[in-house]
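Trainee: I am new to this structure. Please show me how to read helix packing and pockets.

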Amino acid sequence: MSTSQSRSRVTSASPAAPPVDRPAARPRTPRSASRATAVGALATLALLLSGCAATGEAGGGSGHGGEAGLALPDLGSVTIAGVPGRVWLGLGLVVCALGLAFGVTVVAQLKRLEVHDSMRSVSELIYTTCKAYLVQQGRFLVVLWAFIAAVIVVYYRVLVGFDWGRVAVVIAFSLVGMAGSYSVAWFGIRVNTYANSRTAFASLRGKALPLHRIPLRSGMAIGMVLISLELAIMLVILLFLPGDLAGACFIGFAVGESLGAAALRIAGGIFTKIADIGSDLMKIAFKIKEDDARNPGVIADCTGDNAGDSVGPSADGFETYGVTGVALVTFVLLGVPDPGVQAALLVWIFVVRTVMIAASGISYTVNDLVAQRRYAGAEGMDFEKPLTSLVWLTSAVCIVSTYATTWLVLADGTPGLWWKLATIISCGTLAGALIPELVKVFTSTGSRHTREVVASSKEGGPSLNILSGLVAGNFSAYWLGMTIVALMGGAYLVSELGLDEVMHAPAVFAFGLVAFGFLGMGPVTIAVDSYGPVTDNAQSVYELSGVEDVDGIDEDLRASHGFVPAWERAKQMLEENDGAGNTFKATAKPVLIGTAVVGATTMIFSIIMGLTDGLTTGLENLSLLHPPFLLGLVAGGSVIYWFTGASIQAVTTGAYRAVEFIRTHIRLDGSEKASEEDSRRVVEICTQYAQRGMLTMFLGVFFATLAFAFVEPYFFVGYLISIALFGLYQAIFMANAGGAWDNAKKIVETELHANGTPLHDATVVGDTVGDPFKDTSSVALNPVIKFTTLFGLLAVDLAVQLSGQGRHALVLTLAAVFFLASTYFVHRSFYGMRIQASTETPTPDDEPAELLPQPGTPADDAVPTRV
């Protein structure tokens, strides 16, 4: 690489006040009482911010705006192998187009795969209910986005003083970001609901390989489309929009995608576990099989597999990839003084991203060819092995590609810079392979920890089952935590080898690059995660289709498709493949939460740069000797533990109502299938509680962010660090404990064939405890951490500006008001969501009656409770 001396201008923003506008509040609950509460709170907030903005206008907004005021250097000043950097970035768009084309091609191929009509009808019913859920979530998101847009106008137009054109850019790209998260969610459910019935049908041939290839190919399509779409949007901003608008574009984009991810991830996690628990408990209550077609909760469970395990991760992955990129761009513009080095690093970051997409595609192709040769014609296989080999192969190819690309782009610049940056990224890429391997130690069907859960359950029942799962989760937090520390420590040591010559705080940049490396093999990480919901649904589609009971099915399959069905082997392989899917769903969770935490470090740097005037003043406040900073460290943990409890409470109450409805409407005599109307009603219950729980928790987090940002800026920095660290360990612990419980049940069902026994009942109980652990609370902490950090950038800047205008009393008053608002929603997240037995007299703070299904007689397990 060479960079001319006539570099373009340095970024126009000084590293002074870097607030990022992140999704603000989320209006609207499904019914009148909760909706009035939320809208009232949000209206009050809008008035307060409007008042603050009016007071701040005179103070001058021109110098502020944080990241939205940043401008790009001239990327055309960079040349790589004699070719301008902008041309290389243009080639990145070509790679993105190929990735999108791959996804579209896979959809067409999946649609053409052979499938029996009975299975197709079930998968299309699942898709129909998923569509209904996503349409409702889409309406919800539009309302939330409208409020966010209003806050953007108030802040950037009135307070900061941006012209209407720049404000419109922020708003427009916030819509682009939200639409991106939403669109990949739609794509994910369409791909998965094609793949689930085709996988189920392929099992009838009795060959194992198609059961691996179909789910992995569909997952790879989702991964390629997700990463390619996100990268394409960022490249369009870099290449086709004026450099002085880039900051506004990136911030708007980050705000929008974070809004979409938070809503879809949190609500999806609540939805799926309400449905899963409601369906699972019927196995104990009525001694029926897992996917009994007579159970009205099974279709909701299948919908939830997509809402929670496909829609949520797709939107979350889209946001994670985007926000990490925005954080790195922000660091380069704020922390690197030389505009020439800025331009070189920005081109390098996006060229490496492009190369890693290609590396993931090549690795998948090679691994697929090896799997075909190895397992062609096999009647059985260890479904985890080719997934493991894919992860390790991709990690190795990405590391080699990183070194080669970094040498090509940066070797002619600062001596030694290229191998240092490549090594730092490789620490993250290695983590992307090591973390899944460690997760398998605690969650795989072959792991000693998971088998310990089964052994404990044999004699100790549900109690020892739960205790053993807690052990697995706690041990996993230790080993994964130490691994992350080691890899981040290695990145830090490399950053100390002279990177301070070209940037401020090189260790912070190193940590951001580690997060970048985590996501380097993004398409494959998303692919193995998406493998799970397809295998789970495939098993359900098989049972719900009733294909074995279709008249003349053996002759029909022989005549129409040319094979004799292997019924027993098909069911066994579907069970085993579901176990592999459970394991690899678990492996993606710590990667995403690790990325959120490591990437948050880079975003917190933006706040610190603003508070310390470019690391020149006030550094002593970033110390335990500064009491507000220490108190912030203590405060963060309380919010993480409340959020964990609130998310589980939403699942608990929703599951109670779902079970109540299912017990009343299930028909085991004289009926082969539950009515479609009853199945849709269970889906409605899940959707209602998902939206209510998500909104209440979001508002609690939102107002807490405002309150703590207004208390004292360094208190808020401590708070952000705290929620990242507490959130990391809480998420890892809960995700892996849940994974161990889930696969312990799978061992009992597939290896011991002990369905319907007390041992099976014990593992079902453990699994229902683990459901909200692994798929609700743990995964929701990822968007919460990123939302708080992003929105906090704006909030703390607002507080600092008001204090600088001599309005410190107003700032503290607002902090108190926001804290009271947060406390109200924290209180409501339990008392407004708690289970109400019919023997109780509802209080004004309790659930709106019209929201819930109210049976004429109390459920036989209703237990009176007291406030």
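We take one helix pair, then a pocket.

Mentor: This is a predicted model, where local features need pLDDT of at least 70, side-chain atom pairs count only at pLDDT 80 or more, and totals for chains, interfaces and linings use all residues. Residues are numbered from 1 along each chain as its sequence is written, and side-chain values use heavy atoms, without hydrogens and water.

Trainee: At roughly what angle do the axes of α12 and α15 cross?

Mentor: Axes are lines fitted to C-alpha atoms, for helices over the stretch in contact, and angles run from 0 to 180 degrees between N-to-C directions. Helices are DSSP runs (H or I, at least four residues), numbered from the N terminus. Here α12 (residues 506-518) and α15 (residues 567-611) have axes that come within 8 Å and cross at roughly 150°. The two are therefore roughly antiparallel (angles over 145 degrees).

Trainee: Which residues make the contact?

Mentor: Contact means heavy atoms within 4.5 Å. From α12 come residues including Val 508 and Phe 511; from α15, Thr 601 and Phe 605 are among them. The contact has 8 nonpolar, 6 polar and no charged residues. Ala, Val, Leu, Ile, Met, Phe, Trp, Tyr, Cys and Pro count as nonpolar, Asp, Glu, Lys and Arg as charged, and the others, Gly among them, as polar.

Trainee: Which helix gives the largest share of the lining of the largest pocket?

Mentor: That is α15, with 7 residues. α11 (448-495), α12, α15 and α18 (713-750) each supply at least two. By class, the lining of this pocket has 21 nonpolar, 3 polar and no charged residues. A pocket is an open set of points on a 1 Å grid over the protein atoms alone, where a 1.4 Å probe fits, with protein on both sides within 12 Å along at least five of seven lines; lining residues have an atom within 4 Å of a point.

Key. Angles under 35 degrees count as roughly parallel, over 145 as roughly antiparallel, 65 to 115 as roughly perpendicular and the rest as oblique.
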